[in-house]
There are 2 protein chains.
Amino acid sequence: MTASDKVDLGELRVQDEAQLQSKCSKKQAKKEMRKEKLRNQRNTVAAVRSSGFDVCDTFGDVRLSNLKVKSGIDFWTAVGDLSSLLDGYHVILRTKVVKVRSKGSNIVFLVITENGSTTTAQCVCSEDKELIKYISKLTYNSAVDLEGFVVVPDRPVEGVTQKEVEVRLKRVFCVARADKLPFTLEDASRCEVDRGTGLLDDLGNDLKESKRVRVNTDTRLSYRVLDLQTPANQAIFKIMAEISAVFSEFMRAQGFLQIYPPELNDLGSSKGGARVFKLDYFGQNACLVQSSQLHKQLAVRAGFRRVYVVQEAFRAEDSDTNRHLTEFTGLHCEMEIEDSYSEVVDVCEALFLKFFDALHVKLSKDLEIVRAQFPSLPLKYLPKNPRLTFEEGVKMLQEAGLNIDCTKDLSTKAEKMLGKLVLEKYDSDFFILDRFPMAARPFYTMPCDTDPMFSNSFDVFIRGQEIVTGGERISSKDLFLQRAALSPEIDLKSLAT
Amino acid sequence: MTASDKVDLGELRVQDEAQLQSKCSKKQAKKEMRKEKLRNQRNTVAAVRSSGFDVCDTFGDVRLSNLKVKSGIDFWTAVGDLSSLLDGYHVILRTKVVKVRSKGSNIVFLVITENGSTTTAQCVCSEDKELIKYISKLTYNSAVDLEGFVVVPDRPVEGVTQKEVEVRLKRVFCVARADKLPFTLEDASRCEVDRGTGLLDDLGNDLKESKRVRVNTDTRLSYRVLDLQTPANQAIFKIMAEISAVFSEFMRAQGFLQIYPPELNDLGSSKGGARVFKLDYFGQNACLVQSSQLHKQLAVRAGFRRVYVVQEAFRAEDSDTNRHLTEFTGLHCEMEIEDSYSEVVDVCEALFLKFFDALHVKLSKDLEIVRAQFPSLPLKYLPKNPRLTFEEGVKMLQEAGLNIDCTKDLSTKAEKMLGKLVLEKYDSDFFILDRFPMAARPFYTMPCDTDPMFSNSFDVFIRGQEIVTGGERISSKDLFLQRAALSPEIDLKSLAT
């Protein structure tokens with residue numbers, strides 16, 4: 001249910017039951033509860049009966065179950081569908097109020113919005129003066145059901161998306177009346193660019209100097225339900241959902257099966273161990289999943305061959321960088337190798353091309369909306385993107401003057417630098433770095449057959465930022481145990497059981 | 001990577017770093033680490049170099065990176081595709097060994113399996129006696145790459161799915177050799193029916209009396225990677241993935257947007273509060289999500305209108321019944337009501353018809369496989385399923401002799417009884433019970449407009465077992481606060497903030 005009233009459902013608190021029970025015995029408490037229940041039932045009836053609102057045939061605040069406007073008409077017209085083709089048509093709309101403007105006692109204008117489209121609705125010289133008065137008192141962001149007919153004005157209407165039409169209102173019902181809001185969507189949607197010298201608005205004015213209101217993160221989070229209404233947030237959620245759908249569609253087409261590994265794990269089965277959220281599991285120690293790697297591997301070994309997972313991951317890392325997230329939705333896959341390790345890299349690259357194409361084609365409008373608030377450059381990618389060996393990458397960095405050892409992992413600085421060098425050379429923001437040094441990978445990574453200093457493992461980069469890590473796991477028991485024995489952090493005894 | 005060796009990856013343990021650091025200073029430890037690293041690198045090279053297996057051109061144990069069989073051929077043939085059409089064709093297969101049978105020193109048979117299909121492969125009078133010896137020593141469930149050509153024997157081969165062909169082996173490589181297994185798949189796949197008098201096998205023999213091996217749950221869980229290979233488990237995972245895909249597809253088609261609400265919550269925002277898993281969140285109290293109801297509601301109120309969620313839910317209920325699960329994947333949706341509450345029930349019913357059709361059409365073969373191990377009757381459902389009001393349901397129970405109050409919730413016993421009555425009357429295992437009594441629902445449920453003793457809420461039942469709960473939430477702030485005030489477990493003060 002949608003409703004714009006300011007009740008923050010997240011704030012519900014439950015009374016401490018222990019407190020209640022300490023006051024009286026359990027038996028008494030039960031008796032009291034039964035009484036309370038009866039009282040509740042009686043009071044509910046009374047409350048509902050008394051909640052008849054002040055509603056007449058043409059306007060008023062209604063509950064959904066009292067809806068008046070839809071009688072006799074089967075469908076709502078979307079604001080985005082309003083055009084001169086509907087001239088003279090009778091329409092009903094469910095919208096939110098953006099602006100209310102009275103002109104004397106005879107005329108009142110509304111600007112209303114729905115799904116990013118806006119239009120003007122007006123009530124002129126209504127015989128029902130109360131209707132005009134009612135409309136003029138509607139509050140910003142209230143949800144309203146409107147009935148009226150479409151007219152085409154002589155001149156296009158400025159400041160709305162549906163410029164060629166207006167709606168002449170006949171009936172107006174408020175479904176959910178908004179209180180005064182802590183910020184306007186206009187303020188929350190404004191573009192802010194940090195150019196080093198301070199925060200600038202979309203016209204390049206320093207926000208500290210201008211009078212423009214800036215909505216801070218804490219305010220946004222306190223009123224998340226409002227902040228989510230900004231066009232950028234609406235687009236971000238749509239993009240997230242679409243990317244997730246592209247992922248599932250691609251994976252299924254490639255023969256992957258979706259599995260749902262547990263998110264509660266035995267404390268011992270988390271790799272690493274230090275950075276997990278621990279919890280009490282009916283007296284046992286458990287932790288939240290960091291990555292479902294082991295379960296995916298078990299599934300592949302159990303004969304599913306190719307599996308994918310869309311799952312929350314939890315990292316108990318109290319770090320405030322753009323490379324750390326405490327909770328995120330991970331898109332993972334695990335596959336059996338048929339012939340050579342490069343099959344894994346192929347699947348990964350093809351997946352990203354699907355993502356980029358989806359963003360480019362299906363989601364370009366949404367991406368534009370996001371960019372209006374959070375400016376960014378379009379991604380450069382190619383039908384066949386650069387795939388460099390780690391050694392080739394290091395060579396590019398060495399030629400650019402960096403002193404780098406090709407048997408060690410890259411620093412964040414070197415990664416960013418490499419992103420720039422690849423962009424210059426290949427004109428692509430996207431690239432894959434293959435054959436990482438063994439020393440930079442976990443012990444269970446398969447060494448390269450041709451040079452065991454390197455491994456069958458890769459990273460995917462966008463603009464010098466690592467976004468995917470992948471590799472072949474050792475499939476030979478002997479080699480696995482040899483590698484584990486060489487790894488100081490692995491307790492061989494526990495492997496022997 | 002798939003490999004059948006018995007290393008239990010779930011058992012990896014990490015050495016206690018604190019122990020290490022107490023022995024020497026941090027500086028010394030670091031120095032030691034660096035040394036260790038260098039030693040590792042040297043040892044890795046040695047280990048990999050010494051891991052050259054005893055492989056010749058026609059047989060041997062290989063690592064994936066040494067694969068020999070695929071040279072010169074581009075694709076694997078699936079066992080399920082082997083038929084007389086391929087008579088004389090040269091094929092390569094990747095399969096698992098089901099049986100090995102030697103006949104003297106000149107001939108050896110393999111039964112091999114892949115994705116539920118089985119066939120016979122044989123090596124006859126090979127000039128390479130070592131090849132025959134090698135094949136005869138292959139172990140059950142080992143992964144093998146095979147090369148050979150297809151022959152059509154005079155008589156169909158018994159006991160395999162691909163009866164019209166055999167494969168004459170030329171080369172055999174073992175990719176992962178299985179140790180002796182704790183149980184066979186045949187034992188783990190056997191049907192067990194509890195007929196009250198004890199456990200019976202699929203022939204109706206009492207398992208305690210017969211000599212048949214029974215694989216217990218603890219053994220299955222200790223070797224989950226093996227147990228997952230039973231046909232029933234393979235089918236169950238496929239059904240789970242497919243149902244999830246049907247859900248997403250249906251929701252998207254109905255205009256729902258997938259969202260990913262957090263699974264870590266503020267302790268206060270969990271409804272109920274008592275049955276959550278609590279954890280320490282960087283010094284604050286947090287808990288795992290029980291249901292993402294509030295986030296879904298906020299998303300709808302934020303203008304997404306229709307959202308759906310596929311998310312793990314956690315219930316800290318230490319109960320051992322078939323109605324309780326500690327962790328499960330929940331399929332949820334939340335929608336804006338356009339005109340009347342019944343829209344929600346309509347969506348829910350249409351969704352289940354999609355599920356049933358998918359099970360009936362796409363997944364009937366998989367369902368049959370599951371039923372072979374876990375017998376059950378096909379579900380009875382109708383294009384238009386029974387939708388009863390709670391009062392109608394109670395009336396049916398009363399007529400059947402039960403003494404039931406229609407303003408209170410149904411007991412589990414009454415629910416099961418109602419399932420039977422509905423099946424008798426309507427010939428459907430599936431039904432919806434609508435307009436539950438307010439007393440059986442949370443305070444935020446919208447009362448029925450016509451009778452506030454009842455609510456706009458419903459349950460979906462299959463065979464008398466509730467599988468979905470849904471309802472309209474109160475959208476009027478005034479009514480919400482009135483109802484909260486009547487509810488003894490709600491602290492009104494916390495709502496006022």
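Reader: Which residues does B:Phe356 touch, not counting residues up to four places away in sequence?
Author: The model is predicted: local features need pLDDT of at least 70, side-chain atom pairs count only at pLDDT 80 or more, totals for chains, interfaces and linings use all residues, and side-chain values use heavy atoms, without hydrogens and water. Residues are numbered from 1 along each chain as its sequence is written, and chains are lettered from A and ligands numbered from 1 in the order written. With contact taken as heavy atoms within 4.5 Å, B:Phe356 touches B:Leu379, B:Tyr381, B:Phe430 and B:Ile462.

Reader: Which element supplies the largest share of the largest nonpolar core?
Author: A nonpolar core joins buried Ala, Val, Leu, Ile, Met, Phe, Trp, Tyr and Cys residues through side-chain atoms within 4.5 Å; buried means under 20% relative accessible area, with a 1.4 Å probe and protein chains only. Of the 31 residues in this core, B:Phe356 is one of those touching the most other members. Elements of chain B giving at least two residues each include α7 (231-253), β13 (306-314) and α9 (342-360). The largest share, 10 residues, is from α9(B).

Reader: How many helices and strands are there in chain A?
Author: Both are DSSP runs numbered from the N terminus: helices are H or I of at least four residues, strands E of at least two. By that count, chain A has 14 helices and 18 strands.

Reader: How far apart do the C-alpha centres of domain 1 and domain 3 of chain A lie?
Author: Domain bounds come from an automatic or database assignment, which places domain 1 of chain A at 64-176 and domain 3 at 379-497. The separation of their C-alpha centres is 59 Å.

How values were computed: Buried < 20%, exposed > 50% of the residue type's maximum accessible area, 1.4 Å probe, protein only.
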